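These are my notes from a session spent looking through one model. I record what I looked up, entry by entry.

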Amino acid sequence: MELDPAQLFDGFPEPVLLLEEGTVRYRNPAAGRVFPGLREGDRAPEELAVPTDAEFPIVCTGRVGARSFRMSVQDVGRGGLLAVLHPEHEAVAGPGLEKLALRLRQETAGLAASLQRLEPAGGESDQKKREKYLAAANQGLYRLLRLADHLEFADARDQDLYRPAPLDMAGFCRELFREVESVCAMSGYRFSYETELVTLLTVGDEALLRRLVLSLVSNAMKAAGAGGALGARLAKRRGRAVLTVWDRGKGLEAEDLARLFGGEARGVSMDPGEGLGLGLEAVRRIARLHGGFLMMEGRPEEGLRAVVSLPVQPPEAGVGLRSPAGEYAGGFSPVLVELSDVLSARVFAPEDVN
């Protein structure tokens, strides 16, 4: 049974239209308010005209009446086009939010395209196609969650973010990197973790530290490239926990290292999902909240090393430790959410994510 687009987009806040051969197959309530009187089966408005030789997905700007819109158009197969309109005036929120809005529209369109292609399996080849599209749809959902999570983090105040508690840093890293190693292997990356520490008792915010670690792993995967090698190590030096995440990518010239925090360094691929370009800024912010700091090291053809140094703060006597494993939000793995932009789509097959 073909998925009803109303199930996807009736509650969507931005105008969404599904067009087939110049005819409106579906429009959500938001689009109905922008195009009063437009019904399913009507010819598509002139404002939604797309060049016949366009390469999808495309993003263009235009006006509907007195309002300016930026329109994202995605080819959903069988002659269908999915158009999402975004009010141009919202760009005043700033370059980061504008970039996020564009990414959200692109991921939504990609998710919808995958879901629209889910058809009854008529044979083995059809079943394989269905599984591929469903995995792509799952990945799109995780990427949307990641973008929303990054926006929430960027907008939060430090005092509302940092909630320290006793923590076994060695156990935390051991469990987290075990899952990272598994999903990296499924995506063709070679990941290794090493430490001589059995336990390392300290105080910290487990959720923030997980975000810090996964942001560094995501950056290392992008720098290493498909099939590349990366890894991590944890050590204790002079009363500090020192976490290093490295890759065997192309590395950077010295003058480019400082540009990493803006996501602009040459040689580091940020495609397909660089988020807001705040990954390393988030790492630096979290390290600062814990009284630590971040250093980036790298040479051409020798890869990059991200080193986070955090003070070890022994917990007060009698205060219990948090379990380092298995913290999930709403049933979604934080590892899959944060690494959804770099992992292979096959990691998100239904039998693996359920």
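**Confidence.** I began with pLDDT, as this is a predicted model. The chain has a mean pLDDT of 78, and 71% of its residues reach 70 or more. I then noted residues 89-95, where the pLDDT is below 50; beyond near neighbours in sequence, the model gives this stretch two contacts. Over residues 261-277 pLDDT also stays under 50, yet the model has 43 contacts beyond four places in sequence for them. I leave the detail of both stretches aside, because predicted coordinates should not be read in detail where pLDDT is low.

**Overall make-up.** I counted 11 helices and 12 strands in the chain. Of its 354 residues, 47% count as buried. The accessible surface comes to about 17,400 Å², and carbon and sulfur atoms account for 51% of it. Taking contacts between residues at least 6 apart in sequence, I find that 65% join residues at least 24 apart.

**Nonpolar cores.** Which members of the largest nonpolar core touch the most other members? They are Met-169, Phe-177, Leu-212, Leu-216 and Met-221, in a core of 51 residues. Apart from this core lies another, of 16 residues, which includes Val-24, Leu-48, Phe-69 and Met-71. I followed Met-221 further: leaving aside neighbours within four places in sequence, Met-221 is in contact with Cys-184, Tyr-189, Leu-230, Leu-339, Val-342 and Leu-343. I set beside this the general tendency of nonpolar side chains in soluble globular proteins to be buried together.

**Cysteines.** Cys-184, one of the contacts of Met-221, has 0% relative accessibility and therefore counts as buried, the cut-off being under 20%. Cys-173, at 1%, counts as buried as well. My search for disulfides returned zero.

**Helix 9.** I listed the buried residues of helix 9, which spans residues 279-289. They are Leu-280, Ala-282, Val-283, Arg-285, Ile-286, Ala-287 and Leu-289; I note that Arg-285 is on this list. Gly-291 follows the helix, with a positive phi near 80 degrees.

**Strand 10.** Is Thr-244, in strand 10 (residues 240-247), buried or exposed? Thr-244 counts as buried, because its relative accessibility is 4% and the cut-off is under 20%. Beyond neighbours within four places in sequence, Thr-244 is in contact with Gly-231, Ala-232 and Arg-233, and also with Arg-305, Ala-306 and Val-307.

Methods: Residues numbered from 1 in each chain as written. Heavy atoms only, no water. Core = buried A, V, L, I, M, F, W, Y, C linked by side-chain atoms within 4.5 Å. Buried < 20%, exposed > 50% of the residue type's maximum accessible area, 1.4 Å probe, protein only. Contact = heavy atoms within 4.5 Å. Helix = DSSP H or I, 4+ residues; strand = E, 2+ residues; numbered from the N terminus. pLDDT = per-residue confidence, 0-100. Areas by Shrake-Rupley, 256 points an atom, 1.4 Å probe, with all protein chains shown as cover. Disulfide = S-S within 2.5 Å.
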